[in-house]
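Visitor: Please pick one small part of this model for a close look, and then lead me outward from it step by step. I am in my first year, so I would be glad of careful explanations.

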Amino acid sequence: MNFEEFKNCGLRRSLDILSGKWKPLILQNLFEEEQIRFVELWRKMPRVSKKVLSEQLKQMEENHMIQRIEVYNFPPEVYYKLTDKARKLGPILDQLHQWGNDLDS
């Protein structure tokens with residue numbers, strides 16, 4: 001495989017989108033909830049700063065994995081939910097989860 005083939009490789013592009021310390025946990029939480037407020041998501045994440053969580057969410061939004069929904073109440077609310085593109089990952093992530101559990105056997 002040459003560099004051009006590597007650059008356009010679907011596996012490499014997929015891993016680029018999913019890489020990040022918190023992205024798998026963000027996805028897991030969003031699969032469990034229809035939509036979730038930023039603060040609720042932050043509370044479910046162990047030891048992540050709001051700044052880092054915000055950066056990871058912004059990257060996921062840029063990659064069309066999540067949708068950011070702003071509700072103009074007082075105070076304003078921001079929700080996140082999975083896009084249809086991200087929902088297609090459900091079975092794949094389930095298989096990765098199982099594969100990771102099987103490593104101990």
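**A charged pair and its surroundings**

Guide: Let us begin with Lys 44, which counts as partly exposed because its relative accessibility is 36%, a value that falls between the limit of under 20% for buried and that of over 50% for exposed. Please keep in mind throughout that this is a predicted model. Lys 44 forms a salt bridge with Glu 33, and the closest N and O atoms of the two are 2.9 Å apart. This pair links distant parts of the chain, since Lys 44 belongs to helix 4 while Glu 33 sits in the loop between helix 3 and strand 1 (36–37), with 11 residues separating them. Glu 33, like its partner, is partly exposed, and its relative accessible area is 28%.

A search of the whole structure finds 4 salt bridges, and it helps to set two others beside this one. Arg 12 and Asp 16 join their side chains in a salt bridge at 2.3 Å, N to O, and here the two residues are 4 apart within helix 2 (residues 10–18), so about one helical turn lies between them. Arg 12 is partly exposed at 21% relative accessibility, and Asp 16 is partly exposed as well, at 43%. Arg 68 and Glu 70 form another salt bridge, with the closest N and O atoms 2.3 Å apart; Arg 68 has 34% relative accessibility and is partly exposed, as is Glu 70 at 40%.

Helix 4, where we started, also leads inward. The largest nonpolar core has 18 residues, and those with the most contacts inside it are Ile 26, Leu 30, Leu 41, Met 45, Leu 53, Leu 57 and Ile 66. Two or more residues of this core come from each of helix 3 (23–32), helix 4 (38–44), helix 5 (50–62) and strand 3 (77–82), so that the helix carrying Lys 44 contributes to the core too. Leu 57 gives a good view of how such pieces meet: leaving aside residues up to four places away in sequence, Leu 57 touches Ile 26, Phe 38, Leu 41, Ile 66 and Tyr 80.

A polar residue in helix 5 is worth a look as well, namely Gln 56. Gln 56 counts as buried because its relative accessible area is 10%, and, again not counting residues up to four places away, Gln 56 touches Gly 20, Lys 21, Trp 22, Lys 23 and Ile 26.

Nonpolar side chains can also be found on the outside of this model, where Ile 92, Leu 96, Trp 99 and Leu 103 make a surface patch of about 450 Å². Ile 92 lies in helix 7 (residues 90–102), and with a relative accessible area of 45% Ile 92 is partly exposed.

Stepping back to the whole chain, you can count 7 helices and 3 strands, which follow one another from the N terminus in the order α-α-α-β-α-α-β-β-α-α. Of the 105 residues, 24% count as buried, and the accessible surface comes to about 7800 Å², with 53% of that area belonging to carbon and sulfur atoms. Among contacts with a separation of 6 or more, 45% join residues 24 or more positions apart. Finally, an unreviewed UniProt entry annotates residues 9–105 as "domain: HTH hxlR-type", and over this stretch the chain is 58% helix and 14% strand.

Definitions and conventions
Residues numbered from 1 in each chain as written. Predicted model: local features only at pLDDT ≥ 70, side-chain atom pairs only at ≥ 80, totals over all residues. Heavy atoms only, no water. Core = buried A, V, L, I, M, F, W, Y, C linked by side-chain atoms within 4.5 Å. Buried < 20%, exposed > 50% of the residue type's maximum accessible area, 1.4 Å probe, protein only. Contact = heavy atoms within 4.5 Å. Patch = residues over 30% accessible without salt bridge, like charges linked within 9 Å, V, L, I, M, F, W, Y side chains within 5 Å. Areas by Shrake-Rupley, 256 points an atom, 1.4 Å probe, with all protein chains shown as cover. UniProt positions renumbered as here; feature names shortened; annotations may be inferred.
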